[in-house]
Amino acid sequence: MFNVLKVRLYPNKEQEVALVKSFGCCRLVWNYYLEKTNNQYKETGKGLNYCEMAKDLTQLKKLPDYLFLQEATAATLQQSLKNLESAFKNFFQKRARFPKFKSKHKKQSIRYPESCSIKGNGVKLPKLGIVKARIPKTISSKIKSVTVSKTSTDKYFAAILFETDDLTLNKTGKISGIDLGLTSLVTVFDGETYRKVDPIKPTRKYAQRLRRRQQSLSRKTKGSNNRKKQVKRVAKVHEKIANTRQDFLHKISRELVDENQVIVVENLCIKGLARTKLAKSVLDAGFGMLLNFLGYKLEREGGKLIEVDRFFPSTKLCNCCKFKNNSLNLSIREWVCPNCQTHHDRDENAAKNIREEGIRILSTNTVGHTEIQACGEDVRLVAACCKKHSSVKQESPVTA
């Protein structure tokens with residue numbers, strides 16, 4: 001299987017210039033053939049495939065106006081065409097939106113599909129030599145590709161894709177139900193105890209700093225150097241918010257994966273929640289990112305992430321007598337069951353119901369699936385109920 005390690009790069013001045021040229025060449029190739037494919041589709045009803053674009057690219061680099069394309073590594077330009085072909089396939093298979101033209105004012109990235117290696121404290125890249133990097137661990141296996149990216153704050157990163165050994169599926173632990181919320185980010189029930197983790201709300205934490213820098217940006221003259229500098233200052237605040245959220249969710253997911261063999265969550269419609277009045281809080285919490293982290297970390301260690309249907313009434317259902325209380329609204333955090341008079345904490349009751357529903361799904365007999373043992377309970381996995389969070393991109397999730 002494959003794994004990805006993301007490292008920080010520190011190129012020198014010459015390497016920075018070479019990377020900027022490579023970014024521009026790959027961006028031009030993408031935009032040029034995206035427009036050409038669109039025009040040909042309008043005229044003939046059929047677009048260009050990779051072979052046709054690669055053949056045309058060879059002739060394009062010989063034209064006087066496009067001789068600068070020869071300065072970039074040929075493999076990176078060809079990889080840009082492969083990415084464009086994959087983008088069209090994802091669109092026609094309804095996995096992604098229609099490909100867009102790339103802008104030089106946003107995040108830049110190129111992919112080196114070959115001839116990359118680790119040399120000491122650096123990453124060796126074609127036509128660049130050894131680029132200084134901060135590598136946290138040793139990579140002894142074969143490197144398949146390296147994707148170099150530049151953020152809006154002028155930081156360089158490399159996503160190193162390499163082969164790893166197959167996992168040994170011998171993970172043991174508990175079965176826990178997790179209820180996601182805004183008051184408590186996660187409420188965990190492992191069959192014996194409850195545990196709550198409060199959200200850190202990074203957007204609201206840095207809102208004042210962001211507001212002041214955006215106000216200063218609005219006063220700068222468009223096109224001036226001071227405005228360009230202020231744009232980077234605003235971008236640094238957004239980067240701080242994103243890094244704070246990602247670091248927090250990585251720590252939570254790592255702790256949950258280390259303690260549990262099976263984690264049961266709700267299959268939330270995050271896009272729908274983002275259209276409500278709670279959109280800012282929902283997006284700031286990062287529910288989708290947390291589920292992705294849990295999914296790929298459990299898969300690497302032989303665990304399972306089970307998703308309960310979003311229409312399952314986990315909050316309104318009494319976990320003692322199974323009475324459904326339809327009168328609950330979002331403002332009620334504690335309630336008493338009208339049928340059995342049991343006092344419930346809203347989040348704890350939902351976490352327990354989600355765990356019980358996950359065990360019921362796992363307990364369904366399915367031929368051909370291996371048996372899972374967690375907390376003394378023998379269960380079998382139903383493949384249709386275990387949803388895998390995967391990206392339409394070609395890279396694997398980044399190692400935390």
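Here a colleague and a modeller talk through the strands and helices of a predicted model.

Colleague: Happy to look at this with you! How many helices and strands does the protein chain have?

Modeller: Glad to help, and do keep in mind that this is a predicted model. Of the 400 residues in the protein chain, 42% count as buried. Among contacts between residues at least 6 apart in sequence, 66% join residues at least 24 apart. As for the elements themselves, the count is 10 helices and 16 strands.

Colleague: Let's go to the open sheet of 5 strands. In what order do they stand?

Modeller: We can build it from the pairs. Strand 9 and strand 10 run antiparallel, joined by 4 bridges, and strand 8 pairs with strand 9 in the antiparallel sense, also over 4 bridges. Strand 8 pairs with strand 11 in the parallel sense. The pairing in the sheet is therefore mixed, with strand 12 closing the order 10-9-8-11-12.

Colleague: Nice. Which strands stand at the edges, and why is one side of each left without a neighbour?

Modeller: Neighbouring strands of this sheet are turned by 25° against each other on average, direction ignored. Each edge strand has a single partner strand, so one of its sides has no neighbour in the sheet. The edge strands are strand 10 (194–197) and strand 12 (304–308).

Colleague: Is strand 8 enclosed by the rest of the structure or left open, and how many of its residues are buried?

Modeller: Strand 8 covers residues 174–180 and is largely enclosed by the rest of the structure. Helix 9 (residues 287–300) lies across strand 8, strand 9, strand 11 and strand 12. Helix 10 (residues 346–362) also packs on the sheet, with strand 8 among the strands it touches. The number of buried residues in strand 8 is 6 of the 7.

Colleague: Which residues do I175 and I178 stand opposite in the neighbouring strands?

Modeller: Take the parallel pair of strand 8 and strand 11 (residues 260–266), which has 4 bridges; there, I175 faces V262. On the other side of the question is strand 9 (residues 186–189), which forms a hairpin with strand 8 that has 5 residues between the strands. In strand 9, the bridge partner of I178 is V188.

Colleague: And what angle does helix 10 make with strand 8?

Modeller: Helix 10 touches strand 8, strand 9, strand 10, strand 11 and strand 12. For helix 9, the angle is given to strand 11, at about 150°. The direction of helix 10 makes with that of strand 8 an angle of about 130°.

Colleague: Turning to helix 2 and helix 3, are they roughly parallel or antiparallel?

Modeller: Helix 2 (residues 50–60) and helix 3 (residues 74–92) have axes 10 Å apart and pack at about 150°. That angle makes the pair roughly antiparallel.

Colleague: Which residues of helix 2 meet helix 3?

Modeller: Helix 2 passes helix 3 in a right-handed crossing. By class, the contact has 7 nonpolar, 1 polar and 2 charged residues. Helix 3 brings L77, Q78, L81, K82, L84 and E85, and from helix 2 come Y50, M53, A54 and L57.

Colleague: One last thing: which residue takes a positive phi in the hairpin of strand 4 and strand 5?

Modeller: Strand 4 (residues 122–125) and strand 5 run antiparallel over 4 bridges, with G122 opposite K132. Strand 5 (residues 129–134) also runs antiparallel to strand 1 (residues 2–10), where R8 has R134 as its bridge partner. The hairpin has 3 residues between its strands, and the one with a positive phi, near 65°, is K127.

Key
Residues are numbered from 1 along each chain as its sequence is written. This is a predicted model: local features need pLDDT of at least 70, side-chain atom pairs count only at pLDDT 80 or more; totals for chains, interfaces and linings use all residues. Side-chain values use heavy atoms; hydrogens and water are left out. Axes are lines fitted to C-alpha atoms, for helices over the stretch in contact, and angles run from 0 to 180 degrees between N-to-C directions. Helices (H or I, at least four residues) and strands (E, at least two) are DSSP runs, numbered from the N terminus. Angles under 35 degrees count as roughly parallel, over 145 as roughly antiparallel, 65 to 115 as roughly perpendicular and the rest as oblique. A crossing is left-handed if the near helix is turned anticlockwise from the far one by less than a right angle, and right-handed if clockwise. Contact means heavy atoms within 4.5 Å. Ala, Val, Leu, Ile, Met, Phe, Trp, Tyr, Cys and Pro count as nonpolar, Asp, Glu, Lys and Arg as charged, and the others, Gly among them, as polar. Buried means under 20% relative accessible area, exposed over 50%, partly exposed in between (1.4 Å probe, protein chains only). Two strands pair if DSSP finds at least two bridges between them.
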